[in-house]
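User: I should like to learn how to read the features of a protein structure. Could the tutorial go through them in turn?

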Amino acid sequence: MIGSDNILIKSGTVFESSSGKEIVSDILIQNGIIRAIEKNINVEGISKDLVVLNCQNYFVFPGFVDMHVHLREPGNEEEEDIGSGSRAAVRGGITSIACMPNTNPPVDREYLVNYILSKSRLIDFKIYPVAAMSKNLEGKKMTEIGLLKEAGAIAFSDDGKCIQDSKLMYEIMKYASHFDLPLILHEEDYSFSNYGLAHEGYYSAKLGLDGISPFAEELMISRDIMLAKMAGAKIHITHVSSKGSITLIKRAKEAGIKITCDVTPHHLYFNDSFLESYDTNLKVNPPIRSEEDRKALVSAISEGIIDAIASDHAPHFEAEKNTTFKDAANGTIGLETLFKASYTKLVREEKIKLSKLVALLTTGPAKILNIKAPAIKVGNKADIAIIDLEKNKKIKKEDFCSKSKNSAFIGQNLYSEVVYTINNGRLEFINKSC
Amino acid sequence: MLSTKNIISIDDLSIDDINLIMENADSFYEVLGREFKKVPTLRGKTIINLFFESSTRTRTSFEIAAKRLSADMINFSASTSSLKKGESIIDTLKTIQSMMIDLLIMRHSDSGVMNFIAGNIDVPLINAGDGKHQHPTQALLDLYTIKKSFKDFKGLKVAIAGDILNSRVARSDIKLFKRMGMDVTIVSAPMLLPENLEYFDSNYVYDIDKIIEDIDILYMLRMQFERQDRKYYPSIKEYNRFLSLNMERLKKMKRGSLIMHAGPVIRGIEISENVMNYAENYSGFKINTQVTNGVAVRMALIYLMLGST
Ligand SMILES: [Zn+2]
Ligand SMILES: [Zn+2]
């Protein structure tokens, strides 16, 4: 069954991309291409090797796009590699990812973009490389933005770091605007985040953890809004974490600045009270913030201020997390929980429309990155996630197929389970426990 | 018996636990006054004193307490320089687990490390200070010191002066003092305080002169100017003007009021040279008494954790 590109999806609740409606329908896929979306498709006479997936109780979505992923290849393949990362993605119903350049060496030269793209073709999984804005991510000298674009970079970012030199940032913005590529900005003023380990608030005071003020993020967002306005650049603020940031982005959007933003499922799901256990899997950057901030992120989704949800999948091997909170590395894995965590929090708890969530995981990020959004449409190559929305399971460390197991969601009860994933026209994942 | 297996935070102890510790401390304090200062209570028990951060005072206090109870005490000063801290902790844990000890007393420079350790081993644990988080035995010995000078905790006016932000002593003491009904005022400055003061639930003034005449207890915290993450305080001169104890202020203090400090005092910063020299003549000066009481309180605690079975 795995690997087949002749598939009949039987009686699933389909999210049809052209109409945006949910309809119970069959979908016929032949040679990887969606041939028909109709009720009761007659398959008589169609090739014998047709795989039939009974999906009466499942939802059929376009494959998701995760625009913020750390694949760790090249350089840290013991934590994750392009192969293992893409398997984790498929398991999460994701069929396209954009990968961040903070590998070792960082993706700051053409050959590294080529390397990622060739691997992507080899494993037949859509990986869109994001290249560094500054050489070696040092925030000192601009990379060859034009050449990197020609090599196939679809965006630029120094993610994990933030360029503190405002003039350099301005020059990058002006130059990048020629090529019409977005700059994905990790916003952090180091003078406000130095030594910091947790959101500065009640819990950092209680737990004796040095605080990271939301100013660290908000000051840099303010700066970059001003610079983008002058430079006419397209900026995307990634992993927005605070209420103040939302206000700034909202105003900038209203003022006509070309600004978009994403949030992570962990910032939508947790607040800083979860740090009482000093669980190092919750040590992330930007930090998990207060309940007030979390609520502001959720409201921003309802109001349409947020353009995408992205995982910031950040694998770390055991020793980097199995230590004191101060010594632990920042980051949580997130590919396999991207949909689950967002769905549980937003749709189940906060009563946000399912169609809204799906847009934030498909058309939203695709538009930011200027790539074709996976859509369930006749004539398209099939990128499809089939999901049981009623399943509820406690997340366990051993259930992850990512090479690293550092998930913030371990121990949480999350709704939904990906049952099948069709990637690039082929059935690539079957969940045997469903 | 105490209601908790580990003492990581002062909040781990119930009011009954605290009262029990105070009562037992009285008995052990009496032992310390004897010519033969040892009781056989914990013969055959093994305690490890595991210090990842140098501290003569607290380490020695625990050591004396254990020895007075006739327990075997092993000092284990783990070096953090050569190895990455995290790795050395995991290795040390494995060693400890295989040694069949009865109690682990530990200090480390990272907040929350005790929660991590307690989640990984079965041995009862006393936190002898973790980063900027908690130092519960300091709070207990401070409470005991106060108890010996006042009839009742309720309504006592305590001022805690200095670097609250980076102080585990402040976190443990303020919580405990508030729980016992004392009225706590923080004397500090914005750069020495957390942005959010809600957790401390205390009054706040920036000038020691505003409260010096009213308080029953002045508790001074250590101010380490040399630490990089504390660079925002302008100068020692500024500190002396607003936050230090000098002769003039000492004279304004109420009769019978106490001066406390977790030690070691940095002369000329928290407390002026003059006051330090005069201290012996002033009965309210409790810094040395705190040290003696520390041994009695730690004996009580160790006894209650190991001896009553
Ligand atoms: Zn980032
Ligand atoms: Zn990232």
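Analyst: Let us begin with peptide bonds, bearing in mind that this model is predicted. Pro264(B) lies in the loop between β9 (258-261) and α9 (273-278) of chain B. A cis peptide bond joins Gly263(B) to this proline, with an omega of about -10°.

User: What is the general expectation for peptide bonds, and which residues in chain A does a cis peptide bond join?

Analyst: Most peptide bonds are trans. In chain A, the bond between Glu73(A) and Pro74(A) is cis, and its omega is about 5°. Pro74(A) is located in the loop between β6 and α1 of that chain.

User: How should I read the backbone angle phi?

Analyst: Most residues other than glycine have a negative phi. Tyr278(A) has a positive phi of about 55°, although it is not a glycine. Tyr278(A) is placed in the loop between α9 (265-269) and α10 of chain A. With a relative accessible area of 7%, Tyr278(A) is buried. Asp312(A) likewise has a positive phi, near 50°. Asp312(A) sits in the loop between β15 and α11 of chain A, and its relative accessible area of 9% makes it buried.

User: Which protein residues donate to the zinc ion (ligand 2)?

Analyst: Asp312(A) is one of the donors, through OD. The others are His68(A) and His70(A), each through NE2, and Asp159(A) through OD. These donors lie 2.1 to 2.2 Å from the ion.

User: How is the geometry of such a site judged?

Analyst: The angles among the donor atoms are compared with ideal values. For four tetrahedral donors the ideal angle is 109.5 degrees. At the zinc ion (ligand 2), the angles among the four donor atoms run from 83 to 168°, and the site is irregular. To count as tetrahedral, all angles would have to lie between 85 and 135 degrees.

User: How are the donor residues of the zinc ion (ligand 2) spaced in sequence?

Analyst: The spacing is H-x1-H-x88-D-x152-D. The site thereby links distant parts of the chain: His68(A) belongs to strand β6 (residues 64-69), whereas Asp312(A) is in the loop between β15 (308-309) and α11 (318-321), 244 residues apart. Both of these residues are buried.

User: Which residue coordinates both zinc ions?

Analyst: Asp159(A) coordinates both the zinc ion (ligand 2) and the zinc ion (ligand 1), and the two ions are 3.4 Å apart.

User: How many disulfides are there over all chains?

Analyst: A disulfide is a covalent bond between the sulfur atoms of two cysteines. The count over all chains is zero. For Cys99(A), the nearest cysteine sulfur is that of Cys401(A), 18 Å away. Cys99(A) is buried, with a relative accessible area of 3%. For Cys162(A), the nearest cysteine sulfur belongs to Cys261(A), at 16 Å. Cys162(A) also counts as buried, at 7% relative accessibility.

User: How does one describe the surroundings of a helix, and is helix α1 of chain A mostly covered or mostly uncovered?

Analyst: One asks which residues are buried and what covers them. Helix α1 (residues 82-91) of chain A is mostly covered, since eight of its ten residues are buried. Among the buried residues are Ile82(A), Ala88(A), Ala89(A) and Val90(A). The cover includes the helix α2 (110-122) and the strands β7 (94-99), β8 (126-131), β17 (413-423) and β18 (426-430) of chain A.

User: Is Ser299(A) buried or partly exposed?

Analyst: Ser299(A), which lies in helix α10 (residues 291-303) of chain A, counts as partly exposed because its relative accessibility is 33%. Its C-alpha is 9.8 Å from that of Lys243(A), while the two residues are 56 apart in sequence.

User: How can a whole chain, such as chain B, be summarised?

Analyst: One may start with its elements: chain B has ten helices and nine strands. Its radius of gyration is 19 Å, close to the 19 Å that the globule rule gives for 309 residues, so chain B is as compact as a globular protein of that length. The C-alpha trace spans about 55 × 45 × 35 Å along its principal axes. Of the 309 residues, 58% count as buried. Among contacts between residues at least 6 apart in sequence, 73% join residues at least 24 apart. The accessible surface of chain B is about 13,100 Å², with 48% belonging to carbon and sulfur atoms.

Notes:
Residues are numbered from 1 along each chain as its sequence is written. Chains are lettered from A and ligands numbered from 1 in the order in which they are written. This is a predicted model: local features need pLDDT of at least 70, side-chain atom pairs count only at pLDDT 80 or more; totals for chains, interfaces and linings use all residues. Side-chain values use heavy atoms; hydrogens and water are left out. Donors are N, O and S atoms within 2.8 Å of the metal (3.2 Å for Na, K and Ca); water is not among the atoms, so sites may look incomplete. Four donors count as tetrahedral if all angles lie between 85 and 135 degrees; four count as square planar and six as octahedral if opposite donors are over 155 degrees apart and all others between 65 and 115; anything else is irregular. Helices (H or I, at least four residues) and strands (E, at least two) are DSSP runs, numbered from the N terminus. Buried means under 20% relative accessible area, exposed over 50%, partly exposed in between (1.4 Å probe, protein chains only). A disulfide is a pair of cysteine sulfur atoms within 2.5 Å. The radius of gyration is taken over C-alpha atoms; the globule rule is 2.2 Å times the number of residues to the power 0.38. Contact means heavy atoms within 4.5 Å. Accessible areas come from the Shrake-Rupley method with a 1.4 Å probe; for residues, only the protein chains shown count as cover.
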